[in-house]
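I am opening this notebook page to record what I looked up, going from strand pairing to individual residues. The entries are kept in the order in which I wrote them.

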Amino acid sequence: MNKIMLLVGLIFILFPSQSQILINEIMTDNKLCIMDSDGDYPDWIELYNDSNLNVNLNNYSLSDDIENLTKWRFPDITINNESTLLIFASGKDVITDSEIHTNFKLSSSGEFLYLSNASGFVIDSINPIHLGEDDSYGRLPDGATYLTHL
């Protein structure tokens, strides 16, 4: 079974799919930047679809724990081509028509963040970085190769 998983992983690396979902930007100490519908200012994660296809994120996952890559799974939601999607990392674990909240928060002192596809493969990650109040870290322009303080 492990050999099959390795072969599938190599196929994804050697022959990448048309769609590419990226962690585009994060804010880990949101004080006044983006308010949620409860009037809170939770941490947030922005994803970017860097392809010409719409991608359904059903069963994709976000996690801050390498031992539990499926810590929070996406619902049946689509991110349009060349568009962004905002996810609050609030710990509220709530999904409404207008907002998505994970079941975990981000640490402003820095921690890993992983994005896995529906097959369970990590497709993007961010290394720990310390961010100050209302500082964000991301790709500029959207989908760029390198991340920077914004």
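Which strands make up the open sheet, and in what order do they stand? I note before answering that this is a predicted model. I read the order as β5-β4-β8-β9, four strands in an open sheet with antiparallel pairing. I then looked at the edges, where I found β5 (72-73) and β9 (122-126), and because each has a single partner strand, one side of each is left without a neighbour in the sheet. In general, the strands of a sheet pair through backbone hydrogen bonds, in either a parallel or an antiparallel sense.

**Entry on β4 and β5.** I followed the pairing of β4 with β5, which is antiparallel and runs over two bridges. For S61 I looked up the bridge partner in β5 and found R73.

**Entry on L62.** I stayed in strand β4, residues 61-63, since L62 is found there. Is L62 buried or exposed? I count L62 as buried because its relative accessibility is 0%, where the cut-off for buried is under 20% relative accessible area. I listed its contacts, leaving out residues up to four places away in sequence, and L62 touches I45, L69, K71, W72, F74, I87, T102, F104, Y114 and L115. I also checked L62 against L113, and the two are 51 residues apart in sequence, while their C-alpha atoms lie 7.2 Å apart in space.

**Entry on H101.** I moved next to H101, which I located in the loop between β7 (84-89) and β8 (113-116). With a relative accessible area of 2%, H101 is buried. Which residues does H101 touch, not counting those up to four places away in sequence? I found D36, P42, W72, F88, S90, K92, D93 and V94. I note that W72 is listed among the contacts of H101 and also among those of L62.

**Entry on β1.** I turned last to strand β1, residues 21-27, and asked how many of its residues are buried. The strand is mostly covered, with seven of its seven residues buried. I looked up its pairing with strand β2, residues 43-49, and found six bridges in the antiparallel sense, with L47 in β2 as the bridge partner of I23. I then looked up its pairing with strand β10, residues 136-139, which is also antiparallel and runs over three bridges, and here I26 stands opposite Y137 of β10.

Notes: Residues numbered from 1 in each chain as written. Predicted model: local features only at pLDDT ≥ 70, side-chain atom pairs only at ≥ 80, totals over all residues. Heavy atoms only, no water. Buried < 20%, exposed > 50% of the residue type's maximum accessible area, 1.4 Å probe, protein only. Contact = heavy atoms within 4.5 Å. Pairing = 2+ DSSP bridges.
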